[in-house]
Amino acid sequence: MHLSERKKRENIGLSVLLIASIFAIFLLFIWKLKDSSPNVFYILVAIGLLSCFSIYGIFTKKIREREAMKKKPFPEEWRKILERYVAFYRALSAEEKDRFETEIQVFLHETRITGIKTEVDDVTMVLAAASAEIPVFSFPDWEYENLGEILIYPGPFSKDFRMEGPDRTVTGMVGTGIMQGIMILSKPALIGGFENTNDKGNVGIHEFVHLLDSADGSYDGIPNMFLDKAYLAPWLEVMHKETERIKDGDSKMNPYGATNKIEFFAVASEYFFEHPDALKKEKPELYELLTKIFKQDTKHRLGSAVKNLINYTGNKVSRNAACPCGSGKKYKNCCLKNSRSY
Ligand SMILES: [Zn+2]
Ligand SMILES: [Zn+2]
């Protein structure tokens, strides 16, 4: 997901190009000093060159840190967690496992995981990262552009993020408004999704698939960034057909998938990643299309290259915002203290 040679080349190329242009403009400004006061001119050139080096360092920081993660050994404790909870990981080859682990290190290095009135333990951290990685494991270039923080709640919550009182039925969601791009996951649901492999459900994967769906700018159950145009009509058709089957009680899919197209895509994807063989047998057409979706490489985007230059790692709850736990305190003085990253 995070590591690709292309990204590295793009980052270096763009950095050099920008810095060279800035330096050229700087030279143009000080050029007249060359004859009148050559000492000052050469000092300024030296200062300019030094600044270029440090700007280059800043521009390439994010990608360099990712490279460093490749060399950093994966924590043995975390490997045990993956072996125990993540069927997807167990099925990978040794080489793929290696890449999966590095991706998790990068993800947790750039994403803040914050416990809201609950502790973020290693299991929570690793499973949150695994949920992010699984749907996009085949896309070396993919980035969850805006996501920079995951809030971990102690249990289910209400649609307005309450942790107490009635209507607490939500176990995961992606925020909008000031919570734009910030994901909330209930800790027991996240862990349960991996622990219980017979229910075809996984809230972590479900929420990350919503992010893939909305990457093209609209939540509609149609992942345009991933789905070749030729498959659009078959995709709409299979969504319709399978939704009808759920409604008729003639489907092994979680009935929540019949809510609308958005939920259908997320629920079908959970099934796909948790029980590919069962899905293939029960719904070969749906399985085929999901294979196309999750193997399709994403389109190249300049935006991501520029975000790398400024070391942007996604939206996070602002330090001075009111804490999501409802304490009335500023986030930095409250639950932000429970944040972890790698
Ligand atoms: Zn959903
Ligand atoms: Zn708080």
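## An irregular zinc site

The site of the zinc ion (ligand 1) is irregular, with angles of 53 to 143° among its four donor atoms. Four donors would pass as tetrahedral if all angles lay between 85 and 135 degrees, or as square planar if opposite donors were over 155 degrees apart and all others between 65 and 115. This is a predicted model, where local features need pLDDT of at least 70 and side-chain atom pairs count only at pLDDT 80 or more, while totals for chains, interfaces and linings use all residues. Residues are numbered from 1 along each chain as its sequence is written, chains are lettered from A and ligands numbered from 1 in the order in which they are written, and side-chain values use heavy atoms, with hydrogens and water left out.

So who holds the metal? Its protein donors are His206 (NE2), His210 (NE2), Glu263 (OE) and Glu263 (OE), 2.0 to 2.7 Å away. Donors here are N, O and S atoms within 2.8 Å of the metal (3.2 Å for Na, K and Ca), and since water is not among the atoms, sites may look incomplete. The spacing in sequence reads H-x3-H-x52-E. His206 sits in helix α10 (residues 203–214) and Glu263 in helix α12 (residues 261–274), so this pair ties together parts 57 residues apart in sequence. Helices are DSSP runs of H or I with at least four residues, and strands are runs of E with at least two, numbered from the N terminus. Both His206 and Glu263 are buried, meaning under 20% relative accessible area (exposed is over 50%, partly exposed in between; 1.4 Å probe, protein chains only).

## Helix α10

Take a look at α10 itself: 12 of its 12 residues are buried, among them His206, Glu207 and His210. The helix reaches 17 Å from its first C-alpha to its last, close to the 16 Å expected at 1.5 Å a residue; that expected span is 1.5 Å times one less than the number of residues. At its N-terminal end, Asn202 acts as a cap, with a side-chain oxygen 3.1 Å from the backbone nitrogen of Gly204.

## A tetrahedral zinc site

The zinc ion (ligand 2) is an all-sulfur affair: Cys323 (SG), Cys325 (SG), Cys334 (SG) and Cys335 (SG) coordinate it at 2.2 to 2.4 Å. Angles of 98 to 116° among the four donor atoms make this site tetrahedral. The donors are spaced C-x1-C-x8-C-C. Cys325 and Cys335 both lie in the loop between α15 and β5 (339–340), so the pair ties together parts 10 residues apart in sequence. Cys325 is buried, as is Cys335.

Definitions and conventions. Tetrahedral: all angles 85-135°; square planar, octahedral: opposite > 155°, others 65-115°. Polar contact = N/O pair within 3.5 Å; in protein donor to acceptor, adjacent residues only side chain to side chain.
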